[in-house]
Amino acid sequence: IILQKALEKRNMIRINAVQNALQYLSEKYTKKYMLQKKIYEREVLSLKTKEFAIYGAGKIAHMIYGELKKKGICPKCFLVTSDTELSNIDHIPVYGIRQWQDINIKVIVGVSLEIQNVIVDTLLEQGYQRIICYPYS
């Protein structure tokens, strides 16, 4: 019985430690998300039609495009990493980032969270400096 109580106490200490760690990570993630969301929203307010590009041609890029289109803001183009057979999305041209010459254009990264960092690194390597990441909750 004493050993059993000691094991139960040790397990409760471990459970509490895990719960505390999860709480800490959850709060940290929430703060990071809220900051990224504020930055994104501020940047969107400053967007003007044809003065930015959306990186990506998939589901997330289409979602961002739809949100911006509802606000009356349309990108100059969509950018993708490699050449694609897709020539336009809703009559807006799609270019490979190596084809596109204006590296000073503001780029909204519209890809999954899993590859967002890789895409940002790729854009930076190509000389793009004005990059906005879509916030994920």
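In the predicted model, Gln-116 is found in helix 3, which covers residues 113-125. With a relative accessibility of 5%, Gln-116 counts as buried, because the cut-off for that class is under 20%. Leaving out residues up to four places away in sequence, Gln-116 touches Gln-36, Val-109, Val-111, Cys-133, Tyr-134 and Tyr-136.

Two further residues of helix 3 were examined. Thr-122 lies in helix 3 and is buried, its relative accessible area being 16%. Apart from neighbours within four places in sequence, the contacts of Thr-122 are with Thr-81 and Ile-97. Ile-115 also lies in helix 3, but at 40% relative accessibility Ile-115 counts as partly exposed. Ile-115 and Leu-35 stand 80 residues apart in sequence, and their C-alpha atoms are 20 Å apart in space.

The chain as a whole contains 3 helices and 6 strands. Read from the N terminus, these elements follow the order α-β-α-β-β-β-β-α-β. The radius of gyration is 21 Å, whereas the globule rule gives 14 Å for 137 residues; the computed value is well over the rule, so the chain is more spread out than a compact globule. The C-alpha trace spans about 75 × 30 × 25 Å along its principal axes.

Buried residues make up 32% of the 137 residues of the chain. The accessible surface amounts to about 9400 Å², and carbon and sulfur atoms contribute 57% of that surface. Contacts between residues at least 6 apart in sequence were also considered; of these, 60% join residues at least 24 apart. The chain carries 20 positive and 13 negative charges, and the mean positions of the two sets are 9 Å apart.

Helix 1 runs over residues 2-45 and has 44 residues. From its first C-alpha to its last, helix 1 reaches 64 Å, close to the 64 Å expected at 1.5 Å a residue. The buried residues of helix 1 are Tyr-33, Tyr-40, Glu-43 and Val-44. These buried residues pack against helix 2 (59-70), strand 5 (106-109) and strand 6 (131-133).

Strand 5 includes Lys-106, a residue that is buried with a relative accessible area of 11%. When neighbours within four places in sequence are set aside, Lys-106 is in contact with Glu-43, Ser-46, Leu-47, Glu-51, Phe-52, Ala-53, Arg-130 and Ile-132. One of these residues, Glu-43, is among the buried residues of helix 1. Ala-53, another contact of Lys-106, is separated from Lys-106 by 53 residues in sequence and by 6.3 Å in space, C-alpha to C-alpha.

Strand 2 comprises residues 77-80 and includes Leu-79. Leu-79 is buried, with a relative accessible area of 0%. Not counting residues up to four places away in sequence, Leu-79 touches Ala-53, Ile-54, Tyr-55, Gly-56, Tyr-95, Ile-97, Trp-100, Val-107 and Tyr-128. Ala-53 thus appears in the contact list of Leu-79 and in that of Lys-106. Likewise, Ile-97 is listed for Leu-79 and for Thr-122 of helix 3. Leu-79 and Met-12 are 67 residues apart in sequence, and the distance between their C-alpha atoms is 52 Å.

Two loop residues were examined for backbone angles. Lys-50 is found in the loop between helix 1 and strand 1 (52-55). The phi angle of Lys-50 is near 70 degrees, a positive value in a residue other than glycine. Lys-50 has a relative accessibility of 44% and counts as partly exposed. His-91 lies in the loop that joins strand 3 (88-89) and strand 4 (92-96). For His-91, phi is likewise positive and near 70 degrees, again in a residue other than glycine. His-91 is exposed, with a relative accessible area of 75%.

Conventions
Residues numbered from 1 in each chain as written. Predicted model: local features only at pLDDT ≥ 70, side-chain atom pairs only at ≥ 80, totals over all residues. Heavy atoms only, no water. Helix = DSSP H or I, 4+ residues; strand = E, 2+ residues; numbered from the N terminus. Expected span 1.5 Å × (residues − 1). Buried < 20%, exposed > 50% of the residue type's maximum accessible area, 1.4 Å probe, protein only. Contact = heavy atoms within 4.5 Å. Rg over C-alpha atoms; globule rule 2.2 N^0.38 Å. Areas by Shrake-Rupley, 256 points an atom, 1.4 Å probe, with all protein chains shown as cover. Lys, Arg positive; Asp, Glu negative; His and termini not counted. Charge placed at Lys NZ, Arg CZ, Asp CG, Glu CD.
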